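Me: Please take a close look at one part of this structure for me: the aromatic pairs. Then carry on to whatever else deserves a place beside them.

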Amino acid sequence: MAAPVNLVNLESVHKSYGVRPLLDGVSLGVASGDRIGVVGRNGGGKSTLLRVLSRTEEPDAGRVTHTRGLEVGFLTQTDDTGDARTVRDAVLDGAADHTWAADGRTRDVVSVLLAGFPLDRELEGLSGGERRRVSLARLLLSDSPLVVLDEPTNHLDIDAISWLADHLSRRPGALLVVTHDRWFLDAVCTRTWEVHDGVVDAYEGGYAAYVLAKAERDRQASARESRRRNLARKELAWLRRGPPARTSKPQFRIDAATALIADEPPARDRLELEKFATARLGKDVLDVEDVTLRRGGRTLLDDVTWRLGPGDRVGLVGANGSGKSSLVRLLAGENEPDAGRVKRGKTVDLAHLTQNLDDMDSSDRVIDSVRADELTATGLLEGFGFTGDLLTSRVGELSGGERRRLQVLRLLLSEPNVLLLDEPTNDLDIETLTVLEDHLDRWPGTLVVVSHDRYFLERVTDTVWALPGDASLKMLVGGVESYHPSTPGSSRRDAVPGPSSGGQADASPISAADRRSARKDVARLERQMERLAMRERDLEEQMATDAADPSRLTALQQDWQTTRNERESLELEWLSASELAE
C-alpha cells in the first residue's frame, strides 16, 4: 500500500464573523485516503472549516497550503452547476446518451441520482432538492483527489443514501463530509472531527467510535459540563446495547464502554411508557381499515389495514414518492382516503410535524412563540440551543436549522399524546438530535416517524414499516437494517449474510479444541490491538505538536498510517477468531 500523501495543511488558522471566532488557532491536515466526518452544532463553524480548507474562503490569520495542483471537488449547501443550462450540460458536459451510457460509473450515478429526470430538462425549473441531486451527480463524476461534501444526504431518500455510502466507500481519494446522519458517518468515515468553541478535536473511527472516545476523554478530564457528558453517556449506552452489528468490536473496546455505562439505565423503559400511554389514550388510537389512497394518478395504498395502539413507536421508510407523507397526512386527518376509513380514538390529542417551515409567525420573538410551563420550556429551550440573544430574535431572522429546532420544540411543548413526525431530523445537528431523542425516551404516547435517518429510527422506534412502492405496507421484521433499497447499486451491507443467514446454518460444527485455540487467539490479538491503539494515540499527539513542520508531519503520518493498517488487519483476524470462539 502506497504511503499517504499530505494534501492539505491548516496552520494556526483563525476565522471570525463579527466578534465571534468560529476557528481559533486551528492546525490540522488531510492526507490521501483520509475519510473524515465533521460534526458539531449548527452555526459552530463546520461549513466555515470546509470553505477555508478548500480555499474558497480566506482565513483571517494563519496559513492554508495545498499540495501542488490539488483539485478539490466541493459540494456546498448552495449548489453549483456552473453556467450549464440543462441537466445534461451540468452533469455530462452535453454528452449524447450512447456516449455516457457506455461508461459503468457514469451509468451508475445517473441511474440513481437522476432517476426520473429528463436529461434535457432546464435547470431553471428544478426544485431545490432536484438541483441538489444534479450538483452531487456532477461532483461524483469528477476525478478530484479530495472531495468535500457539506450535508450530501439532504433531499436524498433512504435508498439513495445507502447507495451514496457504498459509492463513497469504494471511491478512491480523500473525503471530508459534514452530515448529521450518524449511520452515514459510521458507514463511510474512519476519522471524526468535532468543531466546537473555535477548536477542532480529532477522533479515530466513525460516529460510534467518536462517541466512545469522547465519553472517555470527558471521564478522564472530569471537567466537561455535566449536561453534555450525560448526553454522551446515554448515547454510548444506546450504542453498547444496540443491535449486535454495532457491538461487534474488539473486547478491549467493549470493556471500556461497559465501564463507562455501568450505572446507566436503558435508553427507555418500554413497558412503563406503554402503561402510561394506555392510561392517557385508552385502547383505541388510530385504525386504518381497508384504505385505498390515490394521488396524482398513482395508487399509493391499496386495501391496506394498519392499527396503531397506545405506546406504539413506529418508523416509516420508503423511496421518495412512495407515499410516506401522504400516509402521515391521512393519519392526521388532513387527507381523506379514496376507499376505506381511518378511525381515531376519542382521547387522541394529535400533533403533526410537517416538512413545511412556514407555520410560524415571522414577527414573533422566539421566547414569545413558546407557550408552556416555564420550567419545562426553559429546559427544552436550552437543550435545543435557544439561549442568550437567540431568545429575543424574531422567528423570521432565524436560519433554516434554527426554525426547524423551534418548530420541533413548540410541538413537544404542546403535550400531545400522538406524535406524527415527518422528517424531523432535517436541518438538526447531532447534538440537538440527541436532546430530541432523550426527550422522546421519556415521552409516553404513540409515535410515528417518517425519516431517512436510519440511526434516528433505530434509536426512537420499536418497529419499522416500509412502503415498497407497490401500494402495500409491510413490517420489517429485522428493523430498519433489514430494509433493502430498490435503487441500482444498493449498499454492500445488503449482500453480506447476517447471523441467521442460510450460509451460516450449513457451517460445519466446531470442535472443542478449535474453540479453545480460537479463544487464545482472541486474547493474543486483543493485547496486540491495544498496544497498536496506544501507539496511534501517541503518534496523533506528536502530529498535533509538530503540525507546523511539514517534513516531520509527513513522516509521522506515514508511521501512523502503517500502525493503523496493522491494527485494522488484526481486527479482521479478531473477528474471525471471535466467531469460532463463541
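Reply: Four aromatic pairs turn up in a search of the whole structure. The model is a predicted one. Take Tyr203 and Tyr210 to begin with. Their rings meet edge-to-face, at 5.1 Å centre to centre and with 80 degrees between the planes. Tyr203 has a relative accessibility of 2%, so it counts as buried. Tyr210 is buried as well, at a relative accessible area of 7%.

Next come Tyr207 and Tyr455. The ring centres of Tyr207 and Tyr455 are 5.6 Å apart. Their planes stand at 85 degrees, so this pair is edge-to-face. Where do the two residues sit? Tyr207 belongs to helix H8 (residues 207-221), and Tyr455 to helix H16 (residues 454-460). The pair therefore ties together parts that are 248 residues apart in sequence. Why does Tyr207 count as buried? Its relative accessibility is 3%, and buried means under 20%. Tyr455 comes out at 1% and counts as buried too. Tyr203, Tyr207, Tyr210 and Tyr455 together make one aromatic cluster.

Now the empty space. There are three cavities of 30 Å³ or more. The largest holds about 50 Å³. Its lining takes in Val39, Gly40, Asn42, Lys46, Glu151, Thr179, His180, Asp429 and Ile430. By class, that lining has two nonpolar, four polar and three charged residues.

The second largest cavity has a volume of about 40 Å³. Arg35, Val147, Leu168, Arg171, Pro172, Gly173, Ala174 and Leu175 line this one. Here the classes divide into five nonpolar, one polar and two charged.

Two lining residues of the largest cavity, Asp429 and Ile430, lead on to helix H15. Asp429 caps the N-terminal end of H15. One of its side-chain oxygens lies 3.2 Å from the backbone nitrogen of Glu431. H15 covers residues 430-442, 13 residues in total. From first C-alpha to last, the helix reaches 19 Å, close to the 18 Å expected at 1.5 Å a residue.

Is H15 mostly covered or mostly open? Mostly covered: 12 of its 13 residues are buried. Among them are Ile430 and Glu431. Ile430 thus appears twice, in the lining of the largest cavity and among the buried residues of H15. The buried set also includes Leu433, Val435, Leu436 and Leu440. Charged side chains are in the set too, including Glu437, Asp438 and Asp441.

Technical notes
Residues are numbered from 1 along each chain as its sequence is written. This is a predicted model: local features need pLDDT of at least 70, side-chain atom pairs count only at pLDDT 80 or more; totals for chains, interfaces and linings use all residues. Side-chain values use heavy atoms; hydrogens and water are left out. On a 1 Å grid over the protein atoms alone, a cavity is a set of points where a 1.4 Å probe fits but cannot get out, and a pocket is an open set with protein on both sides within 12 Å along at least five of seven lines; lining residues have an atom within 4 Å of a point. Grid points are joined across faces, edges and corners, and a volume is the space filled by probe spheres set on the points. Helices (H or I, at least four residues) and strands (E, at least two) are DSSP runs, numbered from the N terminus. The expected span of a helix is 1.5 Å times one less than its number of residues. Buried means under 20% relative accessible area, exposed over 50%, partly exposed in between (1.4 Å probe, protein chains only). A polar contact is a pair of N or O atoms within 3.5 Å; within protein, one must be able to donate a hydrogen and the other to accept it, and residues adjacent in sequence count only if both atoms are side-chain atoms. Rings of Phe, Tyr and Trp (its six-membered ring) pair if their centres lie within 6.5 Å; planes under 30 degrees apart count as stacked, over 60 as edge-to-face and the rest as tilted.
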